[in-house]
Amino acid sequence: MHRSGDNVSSLSATPQNRRRWPIAALVVGVGVVLGGCAKNAPQDTFRPAGSNSQRIDNLARPVFYIAGIVGVIVLSVITYCVIKFKDRGQDIPEQTHGNPKLEIALTILPAIILAAIAVPTVVTVFALDKKSDSQCVINVTGQQWWWEYDYTAGNCGGVEITAPIVTAGELVIPAHTNVLLRITSRDVIHSFWIPRLNGKRDAVPGRLSTLRMEASQPGIYTGQCTEFCGLSHARMRQAAVALDTNDFKTWVDNQLQAYKAPDPGSLAATGEATFLAQCSKCHQINGILKPDGTPSLAEPDLYEVSGAAPNLTNLMTRTAFAGWTFDLISDKCRNELWNAKPADFGALYLQGVWMDTPAGATTPVCFNEANLRSWLRNAPAMKPMFSDPTQLASTGGRYRGMPNLNLSEAQIDQLVAFLLERK
Amino acid sequence: MFTTGSKLFLGATGLSIAGAVVFAATTGGAEGWLGAVGLTTLAVVFAFLAGINLYTRDANVPALEPGVEHTAAAAQPAPHGSLWPLVAALGAGGIVVGLVSRPVVFKVSVIVLLAALVEWLVQAWSERASASASYNASIRRRLLNPLEFPILGALVLGVVVYGFSRIMLTAPKSAGRIIFIVIGAVVLFAGFLLASKRGLAKTTVAGVATLGAVALLGVGVVSAVQGQRTIDQHPELTSAVCLGTASAAQTAEIDHRASQAVAMKSSVAANIVLTKDNRLVAFVNGYPNVEFHELTVPRSAEVNVLFRNDSPTARRLTARLGTFKASDGTPGNEQASCTTKLRQGGQAFLSFRVVKPALASSSPYAFIIPGLDGQEIKLLVP
């Protein structure tokens with residue numbers, strides 16, 4: 001036992017090994033740093049795309065440089081002291097206590113640095129809290145595990161919204177417009193974050209927080225919930241889609257179009273009946289009528305803990321669904337859309353799943369049918385949710401998310417055909 | 001190789017492992033796994049005890065060592081008697097009493113019994129750990145003090161807080177601030193005195209602190225026995241009061257109790273104002289100086305508005321929240337929520353939640369001022 005212990009000790013202390021440790025540490029350190037690099041990082045906070053995020057960037061960079069310089073100085077002095085005064089068996093130097101000049105200097109210098117940083121910080125904080133220059137107000141409501149946006153009737157960036165619009169997942173905003181988001185939550189605390197447009201804002205039940213948002217050019221800006229909110233927190237994503245004023249007006253007009261029922265006798269018409277029987281308890285499609293001719297009104301308050309489920313009126317105008325987690329458009333079309341030039345982006349986006357589809361074609365080229373089918377087949381298998389009907393005693397029988405409806409393949413065909421017309 | 005004690009525990013370890021395997025295989029499901037985990041944990045505990053027995057050779061004195069019967073740890077007399085058997089007995093008795101009386105007695109007794117057993121076991125072990133009484137005492141402290149101090153601290157703090165809360169609930173409302181000031185001043189003064197006297201004996205400080213805690217506890221117990229003062233229950237603002245259909249006496253009683261004070265003024269969906277010239281208008285964050293006569297709020301979310309009455313007449317703000325059929329199809333009553341009646345300049349907070357869209361209601365959603373016709377703010381719930 002003794003010998004083996006000695007061997008271990010002598011092995012770890014050889015000069016050769018001592019030389020290897022710094023190299024290994026350097027390799028690990030460089031690896032960690034390089035691990036943060038990415039060619040295509042849509043949630044990169046260092047690429048601001050709006051006036052608010054630019055303000056944060058303008059503050060964060062100099063503060064980071066100052067902190068970095070201070071850090072390097074402090075670490076260098078510590079490293080120097082550790083090496084220079086390492087215990088080599090020398091006599092203990094003369095012990096002294098206190099150095100008033102040094103202590104005063106080391107108190108005043110950080111105070112000056114902090115005071116200097118405080119000025120632009122406070123200015124930025126107040127600037128980011130400004131509400132008086134808003135040109136559009138949108139309500140944002142979080143729940144497990146998706147975001148709802150409702151647009152109040154009124155003017156939004158020069159576009160008149162004549163009736164409230166409710167949508168989910170994708171926040172469509174006019175570019176070059178000061179948008180004020182009024183954020184709250186229906187169940188637990190969430191946090192709304194589109195890194196390239198502004199910082200985070202918590203969505204707290206019973207409270208209403210505001211967040212400015214402005215995109216300097218058309219495009220798609222992604223984000224995700226940043227407050228742990230339960231089982232599928234990681235799958236609670238969102239995006240802000242910025243459109244030019246004309247494109248935004250087109251989008252608004254489309255959202256406010258009256259419901260168009262499927263052609264009688266079509267597969268979509270059967271899908272409408274299936275939707276009314278299976279989905280309309282929770283999901284609202286504005287204007288859809290029950291067989292008795294009365295409006296179908298969803299009652300998610302009876303079935304969902306949050307009291308809400310995504311409004312599916314114009315589902316096919318969105319590029320993703322289920323908490324903006326699963327694509328409604330194919331990978332190829334998504335790449336095309338995300339990499340589109342700002343001038344071309346709006347026209348592409350407004351086509352939704354019908355992007356690149358030749359005129360007269362009945363099947364959209366970009367539709368990611370497999371994702372929607374999988375979701376309809378068994379939603380909890382794609383996204384973990386609290387939706388097992390046998391385990392709902394603690395929630396009074398109400399779900400958190402969509403349960404498995406055990407739809408037949410024929411019903412799925414019908415629903416896909418019906419939902420494809422919600423554009 | 002194996003000592004008698006270790007054999008016992010090794011056998012128990014083997015049985016536990018076998019039990020875990022059999023239980024998991026025969027029971028199955030979540031229960032099976034839960035049982036298997038429990039039995040495996042038991043096996044680990046038994047293995048640990050077996051290891052201790054092996055390491056200490058069952059604490060047996062080697063028979064061949066000369067004079068060991070006088071110097072061995074086991075040969076030393078116990079330093080003092082132990083109270084833990086008595087406490088454990090109290091805990092065991094409490095468990096029996098708790099089983100036939102109140103669950104809280106049972107739970108507390110279980111905790112007392114477990115604590116006494118742990119203390120008893122560690123004390124018994126530590127007193128035989130070596131031939132040195134002071135060393136034995138030190139290892140007992142090292143093992144148990146990190147547990148004892150936080151638990152005792154929390155207990156003492158709990159007793160102090162509980163005693164103080166009983167005092168505050170018993171004392172008249174107007175005396176509350178005086179009690180706070182006096183106790184705060186006494187604590188501050190005593191702290192100052194203790195801090196300014198250098199070299200004060202620890203026993204003096206401990207005595208003063210104990211005296212204070214005992215006094216607080218004593219007064220707290222007396223207060224608890226005496227019972228709480230009468231605390232006014234604020235009557236509920238019913239839909240009938242909000243819509244003006246309740247009796248005048250009931251409405252007057254509720255409004256009489258209005259505090260006219262608002263704690264939360266930020267984070268509201270809208271500021272609603274009844275102006276001096278009796279116009280009802282809403283102001284929304286983001287639209288400075290724009291008067292709204294229509295508000296959109298999300299369904300199923302808590303909505304807060306702040307109402308201010310600038311008109312010379314006392315008024316309340318009522319939110320008409322719809323009329324819905326019951327599940328059996330019978331017509332329901334109109335739902336409403338409202339503030340108390342506010343005098344000129346008074347402000348009140350109104351919090352409500354609308355779970356169904358406006359289309360589902362047979363009456364409109366709106367903010368109104370009862371008794372003031374023609375003034376309303378439409379409430380849109382998409």
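Reader: Happy to have this structure to look at! In strand 2 of chain B, which residue is the bridge partner of B:Asn271?

Author: Good place to start: residues are counted from 1 along each chain as its sequence is written, with chains lettered from A and ligands numbered from 1 in the order in which they are written. The model is predicted, so local features need pLDDT of at least 70 and side-chain atom pairs count only at pLDDT 80 or more, while totals for chains, interfaces and linings use all residues. Strand 1 (residues 270-274) of chain B pairs with strand 2 of chain B in the antiparallel sense over four bridges; strands pair if DSSP finds at least two bridges between them. Across this pairing, the partner of B:Asn271 in strand 2 is B:Phe283.

Reader: Thanks! What is the order of the strands in the open sheet of chain B?

Author: Strands here are DSSP runs of E with at least two residues, and helices are runs of H or I with at least four, numbered from the N terminus. The edge strands are strand 2 (280-283) and strand 7 (347-353) of chain B, each pairing on one side only. The four strands show mixed pairing, and their order is 2-1-4-7.

Reader: By how many degrees are neighbouring strands of this sheet turned against each other on average?

Author: Axes are lines fitted to C-alpha atoms, for helices over the stretch in contact, and angles run from 0 to 180 degrees between N-to-C directions. For the sheet with the order 2-1-4-7 in chain B, the average with direction ignored is 25°.

Reader: Moving along chain B, which residue stands opposite B:Ile368 in strand 9?

Author: Strand 8 (residues 365-368) of chain B pairs antiparallel with strand 5 (residues 318-323) over four bridges, and there B:Ala319 stands opposite B:Phe367. Three bridges also join strand 8 to strand 9 (residues 376-380) of chain B, again running antiparallel. In that second pairing, B:Ile368 faces B:Glu376.

Reader: And the chain as a whole: what is the radius of gyration of chain B?

Author: Chain B holds 10 helices and nine strands, and its C-alpha trace spans about 110 × 70 × 45 Å along the principal axes. The globule rule (2.2 Å times the number of residues to the power 0.38, with the radius taken over C-alpha atoms) gives 21 Å for 382 residues. Chain B is well over that, so it is more spread out than a compact globule, with a radius of gyration of 35 Å.

Reader: How far apart are the C-alpha centres of domain 1 and domain 2 of chain B?

Author: The bounds, from an automatic or database domain assignment, give domain 1 (82-118), domain 2 (139-226) and domain 3 (239-380). Between the centres of domain 1 and domain 2 of chain B lie 26 Å.
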